[in-house]
Amino acid sequence: MTLAKSSVEGLKLAKGVAAKPLANSGQEMETQLSLSIILSATAVVVFLYWYFTSTFSYWEKRNVPFIKPLPVFGNVADYIFLRNTSPESYAKIYKKLEGHQFGGFYSGSTPNLILRDPVIIKQILMKDFNNFINRNLSFVEKISPLACHLFSLTGSRWRKLRVKLTPSFTAGKMRMMLPTIVECSKELVSFLGEYADDNNIIEIRNLASNFTTDVIGSCGFGLNINSTKNHDSEFLRMGNKVFQPTILACALRSLGLIFRPILNLVQPPIASKDVNDFFLGIVKETMSYREKNKVVRNDFLQSLIQLKNKGKVDEDLVSIKDDINVTFTEVCFVFFLAGFETSSTTISCCLYELAVNPDIQERLSKEVDNVFIKHGGQITYKALQDLKYMDAVVDETLRKYPPAGSLTRFCTKDYQIPGTNVNIDKGIKVVIPVYAIHHDPKYYPDPEKFDPERFSGENIKSQPNCTYLPFGEGPRNCIELPWNIILASTAVLAFIYWYFTSTFSYWEMRGVPFVKPLPAFGNIADYILWRNTYQESCVKIYKKLEGQAFGGFYDAHKPVLLLRDPEIIKQVMVKDFANFLDRNQPIPEKLFPLGSHLFSLTGSRWRKLRVMLTPTFTSGKMKMMLPTIVECSRKLISSLEKSADKDDLLEMRNVITNFTTDVIGSCAFGLEINSMKDPDSEFRRMGSKVFKPDHIASISRSISLFFRPIIWILRTPALSKEVHDFFIGIFKDSMSYREKNKVVRNDFLQLLIQLKNKGKVDEDRVSSKDDSHLTITENVSAAEITDTLLAAQCFVFFLAGFETSSTTISCCLHELAVNPDIQERLRKEVDNVLIKHGGQITYEALQDLKYMDAVVDETLRKYPPVGNLSRVCTKAYKIPDTHVYLDKDTRLIIPVYAIHHDPKYYPDPEKFDPSRFTENNIKSRPHFSYLPFGEGPRVCIGLRFGRMQVKVGLAALLTKYKFSVCQKTSIPLGFNPLSSPITFWPNEIFLKISHRDN
């Protein structure tokens, strides 16, 4: 027992002793394993770091300036991470190398050379082209058979194919294909016409791609695609698959930049198998069909069939016997690639810039119109050559948005850059950063500005060669250059034509008689081109619609309805006024605070303010203001004394404007202006700035007719800041002074102060039957009264009294001078009435001047201050007794000037004959055939004040002076084409003034 126990204990002891070394050994193994992992990881990291940085001394060793790279990413990290494009990455590198002719950078770990100097670029692209013949490295044809095209082929294979295809892109071949492109553009215009009826917003890239798909499908593959209508066509779907960026493709591209061998391992195809099979199939089938059935078309595919069968394209001197191992599918495919993507991008970007720069669009539209007229409305090859400004627009588009943002060349044999000690090794990639050069302010000042003038003849000559490279340069420039330009020009042409004609079916579709419009100009070309006034343009339209109750026309491309029948005019202005409440679209008040006045306000805001201001213009208030007007007339008479002594020739509009300035300054703003003595007063100067014909304003007006969104894009205020601040300032100063000093005057300003403080004007109710035109029967809530709102009412009081009254008095004096018998009869009436009223011009005296009423009425007939009345349809409306429906927002024109000159209502309308306004003659005419102040609820609220001012001025002048024609008098009186669409601005009115005979 003892022995056994001892043996067991000995065994245990032995095991314990043996266990300790085993445990230590395991720990050592774990330690060694961890150390191996760490060492391996370190080695991998070191290897990767070496791999990704081993080349980073490449440019430094060669004494080439370079941009310090990041490990792994080199200088294109943003491109690898899909944060920007390769041209944008190159642009950053280009800027960092400012001051150098060229410089080195790294795509991942691969050294590349970027060129900055146009002279060196020219050397490489042209003079030493044999050293840089290839655009890229070779590809695997079995994987990407469609890559065997001109863009990708290298070496001698490229040379041979380039020679063979050159005759396919001559000017003669372009002329041959043009009708096909034009036909596709017609389909585009037709589609857009339907699209425009719904006022849709267009994604223009898709639309341009549809157009270029149709063109390429037809010219390149002999297919009628019609992508504009068939968005799901197989051809379009396959085309989109070629260009549609996929995450996998982007990932492989980024990995290939970081680790180039991955491209050799993975070898991704240029296009997927279904795309390859599709394009291979359609080319083979189409060629086979044409050859079997002897079908011949004027397109690119026909040139390839010719090349296949004859060994050359007509006028091609090179034989096909040199085997180039290229099928014609690849050639068609690159034709598709270039035409589909680059042309659609150029078209889209060009249209974008035309929309942002409507002045350029207008100028281009005018050129298109003129060329169209010259070539009988047809898009011909010669017509395209005549579009010089379009060439500049397309060139500028290609500058700002070059379809190829960079050009690449691979050095095919060692090369020393001329004038330097720098050697480029064979295989080095050379980048010409087209986008960066095109945006270099050294060559293109303010490069982000779209300015076609950069490509005028003189400016092109001043640019160094090789600073404009949208299609490359030298032997490997784009062979399809003429094709792309024609395609882009035709598409822009088609789009512009569509934009300016898309609405031209509007009235025809609604069964409304209309005047046939011109593209771009509609029916108002003379007005847009400043050959006559808007009112005179409406007269021409009015006459062409003879026999119709109404008719449609086009303000440029906007449909407008013109009313001819007095009964329908009455219906619109009075009976159905609720459907035609507004004169115009709402004014952007932030841009034009003084525009919130009765003439321009719309909807409920107009109603409320109209009710509140009605008591301001009653006959009682007019009597209250009369002494102020009479006092101004005395100053007028006094100021003309010396001129009458010498029988001077006076420009009457300036003379009368001084009088109306003093009246409005006193009645509306409470100011003593005395313009007769001080014609250069600040108030007079600011007033003239409001009405002075301005070429800049007229250009903006014409552009906005062509392209309405310019009003919102440019957001140009109706008044300069100087004029706006002046009128707001004098109103607030005058009001504040009166309120603080308790000054009370019998004028319009005092009534507005009353309205502000009491919420109403005293004696709100209309007390005289003569004031019936002021009545609005509706009950409406009060409008919010602010100083700016009140200032706006003073401003419109100024506008109406200053311009319309002075025009009426001036035109009346012109007619009195031309018709001295009428002047003498009127003077006798004035004398008799003044004798009756004690030599004073009183309110009652003015009421007794019946013949003067007829003279003023005849002046307002022949020279209506507002030549057209405008109304906007505020809700859909059916014209009574017709089947015609007007859409909401349709604009209507009542052509006052045309109606007033219609011999149907006014025989011998150019004759000045006050007898037209005897009581019997007035009754014999339709009521709404005389509309100098409008009619209905929106009749001019200040008409009585205007007539009173005119009659006081005429009475005062005729009591003292006689007016006669002189050698500078225009007979008949003409109008300034720069007049606004609303008011007439007569040309200068020169008359001789002298003292009356007794």
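The expected span of a helix is 1.5 Å times one less than its number of residues. The exercises below apply to a predicted model.

**Exercise 1. Helix α40**

Task: Compare the end-to-end reach of helix α40 (residues 943–960) with the expected span, and decide whether the helix is enclosed or open to the outside.

Solution:
1. Helix α40 has 18 residues, and the expected span at 1.5 Å a residue is 26 Å.
2. From the first C-alpha of α40 to the last, the reach is 27 Å, which is close to that expectation.
3. Buried means under 20% relative accessible area. In α40, 17 of the 18 residues are buried, so the helix is largely enclosed by the rest of the structure.

**Exercise 2. The pair Phe580 and Tyr877**

Task: Classify the ring pair of Phe580 and Tyr877, and state which parts of the chain the pair ties together.

Solution:
1. A pair of aromatic rings is described by the distance of the centres and the angle of the planes.
2. Rings pair if their centres lie within 6.5 Å, and planes over 60 degrees apart count as edge-to-face. By this rule the model has 17 aromatic pairs.
3. For Phe580 and Tyr877 the centres are 4.8 Å apart and the planes stand at 80°, so this pair is edge-to-face.
4. Phe580 belongs to the loop between α24 (566–575) and α25 (603–613), while Tyr877 is in strand β11 (residues 877–878); the pair therefore ties together parts 297 residues apart in sequence.
5. Phe580 is buried, at a relative accessible area of 0%, and Tyr877 is buried too, at 7%.

**Exercise 3. Charges over rings**

Task: Find which arginine has its charged end over the ring of Tyr444, and which lies over the face of Tyr851.

Solution:
1. Over Tyr444 sits the charged end of Arg399, 5.3 Å from the ring centre.
2. Tyr444 also forms one aromatic cluster with Phe455 and Tyr468.
3. Over the face of Tyr851 lies Arg825, at 3.9 Å from the ring centre.

**Exercise 4. An open sheet**

Task: Give the strand order of the open sheet with 4 strands, and identify the strands at its edges.

Solution:
1. The order is β7-β8-β13-β10, with mixed pairing.
2. The edges are β7 (550–555) and β10 (869–872); each has a single partner strand, so one side of each lacks a neighbour in the sheet.
3. On average, neighbouring strands of this sheet are turned by 30° against each other, direction ignored.
4. β7 pairs with strand β8 (residues 558–563) in the antiparallel sense over 6 bridges. Gly552 has Leu561 in β8 as its bridge partner.

Technical notes. Residues are numbered from 1 along each chain as its sequence is written. This is a predicted model: local features need pLDDT of at least 70, side-chain atom pairs count only at pLDDT 80 or more; totals for chains, interfaces and linings use all residues. Side-chain values use heavy atoms; hydrogens and water are left out. Rings of Phe, Tyr and Trp (its six-membered ring) pair if their centres lie within 6.5 Å; planes under 30 degrees apart count as stacked, over 60 as edge-to-face and the rest as tilted. Helices (H or I, at least four residues) and strands (E, at least two) are DSSP runs, numbered from the N terminus. Buried means under 20% relative accessible area, exposed over 50%, partly exposed in between (1.4 Å probe, protein chains only). A charge sits over a ring if NZ of Lys or CZ of Arg is within 6 Å of the ring centre and within 35 degrees of the ring normal. Two strands pair if DSSP finds at least two bridges between them. Axes are lines fitted to C-alpha atoms, for helices over the stretch in contact, and angles run from 0 to 180 degrees between N-to-C directions.
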